[in-house]
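Here are some worked exercises to try with the model open beside you. Take each task first, then compare your steps with the solution.

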Protein chains: 2
Amino acid sequence: MNFLEEKILTDGVIKEGNILKVDSFLNHQIDIDIMRQMAYEFKRRFRGVEVNKILTIEASGIAIATLLGDLYDVPVVFAKKSETANSTDDKYISKAYSFTHKKMNNVFISKPYLNAEDKVLIVDDFLADGEAAHSLIDLVKQAGGRIAGIGIAIEKGQQKGGATLRSEGYQVESIAIIDSMDWETQTISFRPQAQKEISKTNLKSTHGINL
Amino acid sequence: MNFLEEKILTDGVIKEGNILKVDSFLNHQIDIDIMRQMAYEFKRRFRGVEVNKILTIEASGIAIATLLGDLYDVPVVFAKKSETANSTDDKYISKAYSFTHKKMNNVFISKPYLNAEDKVLIVDDFLADGEAAHSLIDLVKQAGGRIAGIGIAIEKGQQKGGATLRSEGYQVESIAIIDSMDWETQTISFRPQAQKEISKTNLKSTHGINL
């Protein structure tokens with residue numbers, strides 16, 4: 001069990017209707033140690049992948065995106081959400097359905113902040129049906145940029161987002177993948193994740209040092 | 001001129017109607033170097049002040065709050081905004097008028113994340129009339145906590161927020177205070193800020209070392 005799975009079991013609360021509340025450490029109160037460890041874990045999992053921008057969507061992705069931007073020393077951009085479509089002339093705009101708020105949102109980024117040279121690591125706190133992730137991918141593609149990968153704190157493995165994105169060829173790294181959870185017994189089971197071993201050869205080629 | 005004033009002059013854009021756009025580095029795209037430097041500057045200005053929680057309001061305060069939480073190694077809480085008032089039983093709720101969105105918002109924090117032992121450093125990207133800051137203060141007071149101070153990136157010095165908060169006795173530290181700006185000539189003048197000298201005596205007593 002990794003640090004985030006352990007934290008979810010300790011401090012997460014399962015609510016009726018397949019809802020996992022993690023607002024004591026992830027998306028209302030922020031546990032800085034957990035956030036920092038997530039940033040390091042994403043950097044490890046995306047080792048060797050070129051990244052020059054971190055992208056997320058307001059509001060709860062911003063904390064992890066900021067610490068990851070700090071670690072990579074690259075700019076962070078957060079897409080904004082709005083019910084109303086403003087003038088489109090200087091923005092890339094996509095749409096995403098919010099299950100939390102049960103409405104369709106416009107998701108947008110001002111054009112100067114995404115461009116064709118960008119190698120974008122997308123990060124977010126949750127992945128369920130992949131609505132937000134797909135709208136972020138759409139925005140990067142509109143700008144002609146490239147998706148370096150998708151880093152997720154908690155993936156709801158029974159919903160289609162993760163499977164769809166992986167079948168589309170994206171490297172999706174979710175620190176915790178929930179395979180099932182049960183409100184009545186308050187139990188969660190996580191999908192086992194293969195530990196990626198970093199071989200000495202890889203380390204050597206990445207860092208150019210002898211071991 | 002400090003680093004943020006310089007950045008505002010270089011990359012900020014003055015729009016008609018007393019609007020300063022800083023979304024290339026502060027509240028849409030995030031310049032990590034500037035954010036990190038702000039965090040260090042707040043820590044310097046609030047030296048000697050006890051802080052065990054960082055509080056901000058979604059969404060654009062989250063990045064600076066996260067880096068400050070990282071520096072202090074304390075939890076970060078971001079208050080949420082909503083037009084509709086949900087059940088009040090487990091939340092502290094206040095109200096704030098948003099000039100950006102021209103509407104009254106409910107601002108709330110779940111009760112477990114604020115309490116009477118909290119010494120709260122409030123941070124935000126902008127201070128204008130002080131609506132958001134006062135609603136955050138209200139939430140902390142409802143919980144019985146204490147305000148350690150208020151750290152602001154950019155204060156609009158011609159609006160009443162800063163003066164009101166200081167007259168109420170709060171330590172307000174704004175890294176850049178705009179005294180006037182002119183759309184037609186694209187000029188900004190900043191309020192001179194006394195450099196706070198940290199005397200050797202203070203350093204000695206803070207760090208317990210001889211200099």
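This is a predicted model, and by the salt-bridge rule the count comes to 28 over all chains.

**Exercise 1. A pair within chain A**

Task: find which parts of chain A are linked by the salt bridge of A:K53 with A:D118, and decide whether A:K53 is buried or exposed.

Solution:
- Step 1. Begin with the distance: the closest N and O atoms of A:K53 and A:D118 are 2.9 Å apart.
- Step 2. Place the partners. A:K53 sits in strand β4 (residues 53-57) of chain A, while A:D118 belongs to the loop between β7 (103-110) and β8, so distant parts of the chain, 65 residues apart, are linked.
- Step 3. Check accessibility. A:K53 has 5% relative accessibility and therefore counts as buried, the cut-off being under 20%. A:D118 is also at 5% and buried.

**Exercise 2. Two partners beside each other in number**

Task: state how A:K91 and A:D90 meet, and classify A:D90 by its relative accessible area.

Solution:
- Step 1. The side chains of A:K91 and A:D90 form a salt bridge, with 3.8 Å from N to O.
- Step 2. A:K91 is buried, at a relative accessible area of 16%.
- Step 3. A:D90 has 35% and is partly exposed.

**Exercise 3. Lysine 119 in each chain**

Task: describe the surroundings of A:K119, then find the salt-bridge partner of B:K119.

Solution:
- Step 1. A:K119 lies in strand β8 (residues 119-127) of chain A and is buried, with a relative accessible area of 17%.
- Step 2. The side chain of A:K119 reaches the backbone oxygen of A:E117 at 3.4 Å.
- Step 3. Beyond neighbours within four places in sequence, the contacts of A:K119 include A:E50, A:K53 and A:R146.
- Step 4. Turn to chain B. B:K119 forms a salt bridge with B:E50, the closest N and O atoms being 4.0 Å apart.
- Step 5. B:K119 is in strand β8 of chain B and B:E50 in the loop between α2 and β4 (53-57), so the pair ties together parts 69 residues apart in sequence.
- Step 6. The accessibilities are 18% for B:K119, which counts as buried, and 53% for B:E50, which is exposed.

**Exercise 4. Where the chains meet**

Task: work out which element gives the most to the side of chain B that touches chain A, and how many salt bridges cross the interface.

Solution:
- Step 1. The contact takes 31 residues from chain B and 31 residues from chain A. The area buried between them is about 2700 Å², with 56% from carbon and sulfur atoms.
- Step 2. Now the polar side: 16 residue pairs are in polar contact, both at pLDDT 80 or more, and the rule finds 4 salt bridges across the interface.
- Step 3. Elements giving two or more residues to the chain B side include α2 (32-45), α3 (62-72) and β5 (76-82). Here α3(B) gives the most, with 6 residues.
- Step 4. By class, that side has 15 nonpolar, 8 polar and 8 charged residues.
- Step 5. For one bridge, take B:D73 with A:R36, whose closest N and O atoms are 3.4 Å apart. Both belong to a network of salt bridges with A:D33 and B:D70.

**Exercise 5. The nonpolar core**

Task: name residues with the most contacts inside the largest nonpolar core.

Solution:
- Step 1. This core has 80 residues.
- Step 2. Those with the most contacts inside it are A:L4, A:M38, A:I54, B:L4, B:M38 and B:I54.
- Step 3. Among the residues A:L4 touches, leaving out those up to four places away in sequence, are A:F25, A:I34, A:M38 and A:I175.

Terms used. Residues are numbered from 1 along each chain as its sequence is written. Chains are lettered from A and ligands numbered from 1 in the order in which they are written. This is a predicted model: local features need pLDDT of at least 70, side-chain atom pairs count only at pLDDT 80 or more; totals for chains, interfaces and linings use all residues. Side-chain values use heavy atoms; hydrogens and water are left out. Helices (H or I, at least four residues) and strands (E, at least two) are DSSP runs, numbered from the N terminus. Buried means under 20% relative accessible area, exposed over 50%, partly exposed in between (1.4 Å probe, protein chains only). A polar contact is a pair of N or O atoms within 3.5 Å; within protein, one must be able to donate a hydrogen and the other to accept it, and residues adjacent in sequence count only if both atoms are side-chain atoms. Contact means heavy atoms within 4.5 Å. A nonpolar core is a set of buried Ala, Val, Leu, Ile, Met, Phe, Trp, Tyr and Cys residues joined through side-chain atoms within 4.5 Å. Buried area is the accessible area (1.4 Å probe) that two parts lose on being put together, summed over both. Ala, Val, Leu, Ile, Met, Phe, Trp, Tyr, Cys and Pro count as nonpolar, Asp, Glu, Lys and Arg as charged, and the others, Gly among them, as polar.
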